[in-house]
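Student: Could you take me through one part of this model closely, and then set that part in its wider surroundings?

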Amino acid sequence: MARNLKSKKRQERIANNVTLVVLIVLSAIVMLPIWWIFRSSLMSNGELFEWPPTFLPKRWLFSNYKKTLEFYPFWKYLKNTMTIIVPAVLGGTITATMGGYAFARLRFPGKKFLFSLCIGSMLLPTMVTLIPLYIMWTRGLNLVDSYLPLILPYFCGGGAFNIFLIRQFISTIPRELDEAATIDGAGHFRILVSIIMPAIKSAMIVVALLLFIQMWNDLLQQIIYINSDSKFTIAIGLSQFKGSLKSDWSAIMCATCMSFVPGVVFYLLGQKYFVEGIVMTGMKN
Amino acid sequence: MTNQLLKSEARTAYLCLIPSIIGLVVLTYIPLAAVFGLSLFRWEGVGVPQWVGLKNYVRLFSRDPYFKDAICATVYFAFLSVVGSMVYSLFVALLLNRKIPARGFFRALFYLPYVLPAMAVYIGWSWLYETNFGLFNYLLSLVGIKKVMFIGSSKMVIPSLALITVWLSGNLIVIFLAGFQNVPRIYMEAAETDGANAWQRFWRITIPCMTPIIFYNLLMSLITNLQVVTPALALTNGGPGNSSCFLSYLMYVYAFRNGKLSYACAIAFVSFLLIGVFTLVLFATSKTWMFSAGGDD
């Protein structure tokens, strides 16, 4: 029996070592594109068009970034992008939390129906509603060349998935906590703000991160709603920049790398909460 | 007293839900009805819409030069992307689920591509795919394969774009990982006591317990990838030829470059139906392979 256990332990150790090796190889493959883009940003164009290409630059030309910034207004684009993302992420996270709280804790007529509507909308492709929404914002409300059509929708619940995620998370918190607070005379809002919200901090960070990524990637709507150069976001600015340069790949890769940074920073800050947040929700039903 | 309490509870609930209800009604379900309504008119953004019934659809299916290609490209892309990213992310999640050192680091690493802005990703990859000096052709040359036009040839463009999607599928990995951690330990221990080996435990316990998560990921990535538009916007402009002219991209071109808003609505509605059919098929077949623990909600 003891020997059996020992050999089992050894087997496990071998399996773990194999796993580790496979993971290292795989992650090197996954990182290779990012490395290649980064290393290209540090090379001169002459070096980029040499054959065979090399994995390391001969000289690390960090000055490429300075040169690129002279004609690529990254900071302006970043500021514009943040002007959209910051209010939208806040709005989405708060309204999703409110919706999730109502579905998780409160009793009210029509709850089942509203919840099915909400889950049903998760299956609805966003592309389908694009044109009617465009007509509503630009013709109905006359919001042409404005950030509002990009921001305001996020103040409306922040998406069904996020409401669902918050609801699942709140369900894991023992009800006794709210009941104790009720006896102490706290209203539902007080409970939400002072008991529920601190307890679901990691879920709220997950929601904020998901919303951030979603907006970050939403090239199509940004193209549709933003017209003037001065309002360009990073996504549109980058595509414009590439279109105007065509073959100055070293500058294009600099601009690309710069636009990688904000997302990565935000992710690394929230990373700790991330898997925990999704695990806690159960994701079962 | 209790009645009054319930009333105040309901009032709070509706207050909390006002934003979501507005979102659902004004931004989701009304536009869905509107897209169908508009598709029955002829309207190019100015003047009074003209009733044409189903003519937009008839034209779409009989005379539109791009529509059939667009459907094929979309379905082909979605198929490759969904299969590729499901296999890749399930495999990585399995590896990450073992007790290995620096797990958090690896997890962060595989998730990283997902947090990069799409536009930058496609521009970056277009350099990797460059025919003469790009990374991929360099790697292929090392094993003696002749240069491939990844983005420039109509045969390769869809698989090349799908590969980027697979690379970006870090979010699926995280959801799979979460699922693994919810597989009840008791089942595992019971099976182990009964003498089941690792392989049997994987196929008889882990996978059945994971089927709801697999279903969820499959459904969501199918819906997302059938709506694909960004690679065409950022990289290919639908080309070469019409080979990457996805349905959503075609809709965008008709609506926002040619001003044919109502005609584009017909495309949007067809794409809604297409996604609906795929969703229904998935739901219908899921009964045969999805494991449910029964009883609990």
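Tutor: Let us begin with Asn171(B), which in this predicted model is partly exposed, because its relative accessible area is 24% and the buried class is reserved for values under 20%. Asn171(B) belongs to helix H8 of chain B, a helix that covers residues 170-181. Leaving aside residues up to four places away in sequence, Asn171(B) touches Tyr111(B) and Tyr114(B), while Val115(B), at 56 residues from Asn171(B) in sequence, has its C-alpha 9.3 Å from that of Asn171(B).

Tyr111(B), one of the two tyrosines that Asn171(B) touches, is also among the residues with the most contacts inside the largest nonpolar core, a set of 205 residues. Tyr72(A) is listed there as well, and, again not counting residues up to four places away in sequence, the partners of Tyr72(A) include Ile234(A), Leu238(A), Phe241(A) and Met258(A).

Turning to the interface, chain B contributes 100 residues and chain A 98 residues to the contact, and the two chains bury about 8,900 Å² between them, with 78% of that area on carbon and sulfur atoms. One salt bridge is counted between the chains: Arg107(A) pairs with Glu9(B), and their closest N and O atoms are 2.9 Å apart. The count of residue pairs in polar contact between chain B and chain A, both residues at pLDDT 80 or more, is 13. On the side of chain B that touches chain A, helix H1 (residues 2-38) gives the most, with 25 residues, and by class that side holds 74 nonpolar, 19 polar and seven charged residues.

Technical notes:
Residues are numbered from 1 along each chain as its sequence is written. Chains are lettered from A and ligands numbered from 1 in the order in which they are written. This is a predicted model: local features need pLDDT of at least 70, side-chain atom pairs count only at pLDDT 80 or more; totals for chains, interfaces and linings use all residues. Side-chain values use heavy atoms; hydrogens and water are left out. A nonpolar core is a set of buried Ala, Val, Leu, Ile, Met, Phe, Trp, Tyr and Cys residues joined through side-chain atoms within 4.5 Å. Buried means under 20% relative accessible area, exposed over 50%, partly exposed in between (1.4 Å probe, protein chains only). Contact means heavy atoms within 4.5 Å. Buried area is the accessible area (1.4 Å probe) that two parts lose on being put together, summed over both. A salt bridge is a side-chain nitrogen of Lys or Arg within 4 Å of a carboxyl oxygen of Asp or Glu. A polar contact is a pair of N or O atoms within 3.5 Å; within protein, one must be able to donate a hydrogen and the other to accept it, and residues adjacent in sequence count only if both atoms are side-chain atoms. Helices (H or I, at least four residues) and strands (E, at least two) are DSSP runs, numbered from the N terminus. Ala, Val, Leu, Ile, Met, Phe, Trp, Tyr, Cys and Pro count as nonpolar, Asp, Glu, Lys and Arg as charged, and the others, Gly among them, as polar.
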